[in-house]
Amino acid sequence: MLAEKSKPQPITADDGVNAGSRHPRLSLVPAKLESRQWAHHGFPQVQKVLRERFCHQQLPEEPEGVEAQHKHLLELLKRTAIHGESNSLLIVGPRGAGKTMLLKCVLRDLLQDKEVQKNLLQVHLNGLLQTDDRIALKEITRQLHLENAVGDKVFGSFAENLAFLLEALKKGDRSSSRPVLFVLDEFDLFAHHKNQTLLYNLFDVSQSAQTPIAVVGVTCRLDVLELLEKRVKSRFSHRQIHLLSSLTVTQYLRLVGTQLSLPDEFPDAKFAQEWNSSIETLCADKSVEEVLQRHFNASKDFRSMHMLLMLCLSRVSVAKPVIQPADLQEASRLCLADAKANMLHGLSILELCLIIAMKHLNDVYEGEPFNLQMVHNEFKKFLQRKSNSMYNFNQPVVRKAFEHLQQLELIRPVEGSSAKTQSEYQLMRLMLDHSQIMEALQKYPQCPTDVKQWAMSAFG
Amino acid sequence: MSTSSVSKGCFVFKPSAKKKRTLGLDDYFTDGCEGAETSKIRFKLCQDLWDKIKTETEVLQDELSKKILNSLLDFTMRCSSTHQHSDWASQMRASEIPTAALILGVNVPDHDMTFQSLCELLQQSVTPHVASVQAKECGALKHLMKRVLERLMDTVLAVDDDEEEEAEQTRGQIHKKVHCSLGTLCDWYSTKTKKSSSGTPGKKRTSAVRHEQQQPPLVIIFKDLEAFNPRVLQDFIIICSRYIHRVPLVFIFGIATSPSTIQHMLPHSVSSLLCIELFQSLSCTQHLATVIDKLILTHNFPFKLNNKVMQVLISIFLYHDFSVRNFIKGLQLALLEHFHSQPLSVLCCKKTEAFLNVMQLSNCDLERVRQLGSFRRYVEKQELQEQASLLNDDTYLKEVCKKFVKELHKYHKNYYPVLRCLHTLTSTLPRYPLGKQIRELHLICLEKNVWENEDYQSAMKLLKMLAKDELISLLQRCAEILQPVKSKIMKSALSQLQELLAKFKQLDTAAGETAPSVEDSITSPVKNLQKKTDLFQLQKTLLEMNESRRSKNLSPFEALRNEALEFIDNLVKIHLSPPESQTLYEVCYYSPSATVRRHLNATPRTSIQAALNTPYYYLKNDRLKTEDGLASNAAPDICIAYKLHLECGRLINLYDWLEAYATVVSGAEGNNPGSDNYVKVDEVKHARFIRAVSELEFLGFIKSTKQKTDHVARLTWGGC
Amino acid sequence: MTTLLQHPGYEEGRLQKVAELLPCREVQAGMLLSLMGEPQQYSYPSIFIYGHRASGKSHVMHVLLKELELPHATVSCVECVSVVLLFEHVLRSFFGSDAASLLPCSPSLSDFVRVYRQQCSQSPAKETRYIVMEKAELLRDTDANVLPALLRLQELVEDNVTVILLSEIVWDKFRPNTGCFEPLVLNFPDYSKGELQQILSRDRHPSYSAEFYSSYINILLGVFYSVCRDLRELRHLAALNFSKFCEPVEEGKVKETDTHKLWRNIEPHLKKAMQTVYLREVSSLQWEQMQQMEEKETGILRGLSAHTHVELPYYSKFLLIAAYLASYNPARTDKRFFLKHHGKIRKTNFLKKNEKTSNHLLGPKPFPLDRLLAIFYSVVDSRVAPTASIFSQISSLVTLQLLAQVSHDDQLDAPKYKCAVSMDFICAISRTVNFDIVKYLYDFL
């Protein structure tokens, strides 16, 4: 231990010194000091490793919970890659369920095979990027490195163009053409392209035994098949891989554990050990379980979990190289915070009063839309009745406050009411519900009592 | 050339070359105007006159808008100078865009001239970088951005010299390629300013001037703020405010209505980015007053409008559009009409020219002279052989005409000064018996003898009650008016007036002691007359004053006052007689007001109705003459259809209508009622009917309805 | 408080400096730092920061990225008239201007990603790159694919890049209906009164003591805090009114310490400021001029909305009046108002009870052209020929935005209008033609 301290690597050394200089009080506490020593070896790496996991979606060595799908997909792709069978399938599952992760894993494993590696061509398209077929085709050409092959030819139809591309692949040393893997991310967006030309042609090729291609669509829409035109749908082999994660709470908890714990090949074995043990104790903790339970109920996908864990991780510092239950609770608090309540907290009293007036209007007129005049009228009524804390603001001031609320989209103009109407008569709807307003009132710093009472009172 | 074709194609026939011949303006003028022989001269006169008027108005325009424009100028100067300021207070204002809100009044068409001169002035004195945008050319933000950038940079191109122009051009292209954002503008501006500052190191300048040279503001003019799309405007302002630290932007809002529209258009979050200052241009009524003063109430222009036409023009201005521009256009129209329709208008020019033209008069022109109403009246007054010579001897007539022309000019020379005098006297009286504006008085005088007008009487009564100091000051002003006029009569009048004034002076030097008592006894009623504005009250007090006056014997002041007023009264009676009293006044005065009204204030509805009711009114064809009520069956189809539809109720049965139509038409074809093919609807009639109906629908008399099948709904009410 | 800002990845001195520049935002800054991690480490693909205006969102980001010299591109979405500008800006600030010129003339998102990838394959990120999008709410108005793509940009370009979205609007209003990559949502809470006090007191006038200025700020907040918590606005107001505040001190009437007297001096003044400067009725320049003026003169200077008088041609006035009547009276009441002898219309059934709110609360109703003309002809005293200029006046009233055309512009037959002027405005107008409009208004019966 001491030996280590005497000859540390330069970075960590001055880092350590900095740390020391930064909080002298720590040096008085032996326990923490001791922790710090092994911290500044492990700490940067721990951040690195876990961040790669949470932020960069670094692939696990084998995907949890989806072994079956993994096997299936691998089989299919192998057939294309090696035996030159055409194929088409969809990977369907809610957002953050690990679709892409699965696919990537499969590809990784697939490319272990030398044969495949030098044979298989890949084309990755994304519905967000290739927003129409022209762009998509350009992208395909580019990814197949056929720009110069195409040169400045002009093609009659999309089909011709695609055919030419696949033909061009065949050219070269051997007669049999190389298999191509098309990955269409955000598959459902491709279905919105003008009469689905791209999909049609891809599936068509995959049907006919021209070039061996595999079309893999990745989408989060379960109803994606309804989006396909008949002629397209009929050409699609209705293979689908569903990723509806069937995690139980216990599995979820275990998953969290594994996600947080360090791999064995972690450079500083000792640190890794300590860390992992600390993680175990963490997961054992009751409060932590509650928190995770809550999150599990909210959503059990990887992304949200990663977000939560990322927030925890961000609270780990050289000073405090362990995750404590408090961190997790704090993190979850951040995740589950009600944004609108936060915004309401920042409003001025006048604006708050207007919102209360709107609430009353909603109560009276069963959620009919309202305009500035009405709200101001309501507010004035309140002022006349009992206002010892507020004094009467004139129309423009109120209007300014009202406009601010509109900017925050706490109120939203009714559809169809054109911009031509004067602003004070523009019909609005309140985007908050009763409970939110009340909660906000409770939280509100030094809120005058009469305003509170006004909000409580049933009648306007 | 005929084309027979099975398919109903449409064929284009190029006009043959020989038919092509370009008409000059004067050709247009001459054809169809009577007295063609003198038309060339008249056209020339007309044009010269118009050019004079035009230049006059432009000068007027400039000096009117000078004040406001100057204030705008130094506003922009101030902005550009304070832009780099860095004292504690203006730190906070740093993020605000200096903005001038220029209130121009609702007569939007007049604004262009103002903006024109504004731009020029700015570019001369403050900054080369001025861009002005209109609402209709920037519907979306990117358009607005594009326009602004182009104009700012192009204005520079315009003023730059050549070798820089190249550089600009190339950079310009780049800008075209690099999508326009204010960032590019900033870069351009910085290079620009650097260049200019480096360009002029040698010159000796005071730091301030140089300073402005280095940092000229970028002025953006929004010509019609109201018409802009608020959303676009807001975004643009927000963007600009982000760059205000890097480029000194200045906005100018052209506002037609009132500044509060800014608050209505922009939410506070946006308007808080502006530092708005107001600039009120003078109201268009004042503008009109000055225009009338300079163009109408002067003898410089021989061409005159008579009472009616004047009335029309003014009422169009006051009732419909506050547009001075249109008023002048109206004047132009009248001018043109006059020279076009009145052959004797050759005499409507400078005295000397007029004399020459009189000599040129052909005998048919002289006949025209003899036809003139005013001339006849004159002749009747003469004794017989005089009359004979007037009616037969052309050379003599020419001499006489000369005389008349001379008199006419004299009349004008004296008319206007006296008019002004009278106005100055009466315009301050309570309840303005002769009108507040001089134009009203002018109208009265044009109409008939002003002194027979009872308002005039009451005005005189009121004047008789003026206090001394008031009266003197008024007379002083009159003297000032008469001062510059150079005509003998006016000179003499002036001298008389000055004598009177002198008398007043010595009066109060001599008898200072009696005066006050008398005066305040006299003046007090007038004083409190000013207060009470009830007409009845006024009359009453006037009466009892007359009583009191009769009872009292006149004080020297009163005597003198009466004398003065007598003098004025005489002036009026001599010089303010209406033009009709002048012989040959038709030469200069344009009277047909109906024409002017028809041109300037069209009534499409009524004219359509007229056309449909009495087609003869427009197509002068005797076959169409009918004793009104029943439709001439020779009339165009649409007229017949219209006549018939007037007899129907709200819903018209198309078939009945067709039947009726067929009856009328076949009546026209003259096949006798007995014969069987009478009232049989062949497809030609049918087609004609359908066309007529659709034309009526197009004109908005009927529209198709779903209430009842085979029916159409009437959109107009009342029948025949 | 600087202990909140410490991170092994960054130099001590800089963090110190950052902490200096970010008063009352150490917590948020620290949070962000720890999320960003060390420069070479990966950071979360997209972070969404929301909070009220002037709660220091962009300021914090700007200071952090600038002081710590991290590679970043800051884009304000207001400026991105087209996404092209966004692409160019990002590429330029990461890879230099020549990279930006690689984009085709009208680039798609795909082109952008392509260029980005090939660029960063040449110069891979040693440190995390940051793209900060201010006013991110405007991204919702651009092409639907832009926002989701930005959120998962890291994955798309396979580079160590983090997109940070700043907005006043909560994330829930951003989420596309088919969902998207969820960013890490952070909130910047509003400044508490104390914090405002602390921050505003910082920019004190050089020639006065700190406590004097802060006492001034205290008074200022006392007046405005209940209406406005926008730091920027408050700062503006503080700057404008300060000279007035220290006037008595200048004149030596009051000591700096005598807060009460100062308060009594400034309080009414600030009240006035609320009606004028706060609403930008009076520009700050004019306001400063007012300070120089004596009390009595200050009355002269009126706010923008004080000038509502508009000179109109005679018939335009009546057209406007007619329009007002048409849009605030129910059509069925026209008979009673405008017919000379409208049989016996009983008040009881004429005034419908069931109408709960007055039309002046609900605002103007649209009306067809012929109703306007009918009312016009009955209110105008003389009989008017239906000349072309009458109709042109209607359209010019529309361009002046005194009338609003409800129906679409290209609808030729039976266009519908609304009157767009306020009650007092129309009253002023009808006074000039001495027409007693109130007698003709249904609401005031």
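Q: Which residue forms a salt bridge with Glu378(A), the closest N and O atoms being 3.4 Å apart?
A: In this predicted model, the candidate partner sits in helix 22 (residues 372-385) of chain A, three residues from Glu378(A), and because of that spacing the two are separated by about one helical turn. General chemistry fits such a pairing, because side chains of opposite charge can pair when their charged atoms come close. With the closest N and O atoms 3.4 Å apart, the salt bridge partner of Glu378(A) is Lys381(A).

Q: Is Glu378(A) buried or exposed?
A: The cut-off for a buried residue is a relative accessible area under 20%. Glu378(A) has a relative accessible area of 6%, whereas its partner Lys381(A), at 40%, counts as partly exposed. Because its value is 6%, Glu378(A) is classed as buried.

Q: Which residues are joined with Glu186(A) into one network by salt bridges that share partners?
A: The network draws on two chains, as its members carry the chain letters A and C. Salt bridges that share partners join Glu186(A) to Arg95(A), Arg303(A), Arg152(C) and Glu155(C).

Q: What is the N to O distance in the salt bridge between Arg152(C) and Glu186(A)?
A: The side chains of Arg152(C) and Glu186(A) meet in a salt bridge, and the distance is given from N to O. This pair crosses between chains, running from the loop between helix 7 (146-151) and helix 8 (153-157) of chain C to the loop between strand 3 (180-185) and helix 11 (187-190) of chain A. Both residues are buried, and the N to O distance is 3.0 Å.

Q: Which residue of chain C is in contact with Glu186(A), leaving aside neighbours within four places in sequence?
A: Glu186(A) lies in the loop between strand 3 and helix 11 of chain A, and at 8% relative accessibility it counts as buried. From chain A, its contacts beyond those neighbours include Arg95(A), Asn126(A), Gly127(A), Leu128(A) and Val218(A). From chain C, the contact is Arg152(C).

Q: Which helix of chain A holds both Glu115(A) and Lys118(A)?
A: Glu115(A) forms a salt bridge with Lys118(A), and their closest N and O atoms are 3.2 Å apart. Glu115(A) is partly exposed, with a relative accessible area of 38%, while Lys118(A), at 58%, counts as exposed. The two lie three residues apart, about one turn of the helix, and the element that holds both is helix 7 (residues 114-119).

Q: How many salt bridges are there over all chains?
A: The pairs described above, including Glu115(A) with Lys118(A) and Glu378(A) with Lys381(A), belong to this count. Over all chains, the number of salt bridges comes to 53.

Q: Which element of chain B gives the most residues to the positive patch?
A: The positive surface patch is formed by Lys351(B), Lys406(B), Lys410(B), Lys413(B), Lys486(B), Lys488(B) and Lys491(B). Two elements of chain B give two or more residues to it, helix 19 (394-426) and helix 23 (488-510). Lys488(B) is found in helix 23 and, at 74% relative accessibility, counts as exposed. The most, three residues, comes from helix 19.

Q: Where in chain A is Asp264(A) found?
A: Asp264(A) belongs to a negative surface patch that it forms with Glu61(A), Glu62(A), Glu67(A) and Glu265(A). Because its relative accessibility is 73%, Asp264(A) counts as exposed. Its place is the loop between helix 15 (249-260) and helix 16 (269-284).

Q: What accessible area do Tyr617(B), Tyr618(B) and Leu619(B) have together?
A: Tyr618(B) is found in the loop between helix 28 (604-613) and helix 29 (637-646) of chain B, and with a relative accessible area of 44% it is partly exposed. Tyr617(B), Tyr618(B) and Leu619(B) form a nonpolar patch on the surface, and their accessible area together is about 340 Å².

Q: What percentage of the residues of chain C count as buried?
A: The secondary structure of chain C consists of 22 helices and eight strands, and of its contacts with a separation of 6 or more, 70% are between residues 24 or more positions apart. Chain C exposes about 18600 Å², of which carbon and sulfur atoms supply 55%. Of its 445 residues, the share that counts as buried is 58%.

Key
Residues are numbered from 1 along each chain as its sequence is written. Chains are lettered from A and ligands numbered from 1 in the order in which they are written. This is a predicted model: local features need pLDDT of at least 70, side-chain atom pairs count only at pLDDT 80 or more; totals for chains, interfaces and linings use all residues. Side-chain values use heavy atoms; hydrogens and water are left out. Patches are made of residues with over 30% relative accessible area and no salt bridge: like charges are joined within 9 Å, nonpolar side chains (Val, Leu, Ile, Met, Phe, Trp, Tyr) within 5 Å. Accessible areas come from the Shrake-Rupley method with a 1.4 Å probe; for residues, only the protein chains shown count as cover. A salt bridge is a side-chain nitrogen of Lys or Arg within 4 Å of a carboxyl oxygen of Asp or Glu. Lys and Arg count as positive and Asp and Glu as negative; His and the chain ends are not counted. The place of a charge is taken as NZ of Lys, CZ of Arg, CG of Asp or CD of Glu. Helices (H or I, at least four residues) and strands (E, at least two) are DSSP runs, numbered from the N terminus. Buried means under 20% relative accessible area, exposed over 50%, partly exposed in between (1.4 Å probe, protein chains only). Contact means heavy atoms within 4.5 Å.
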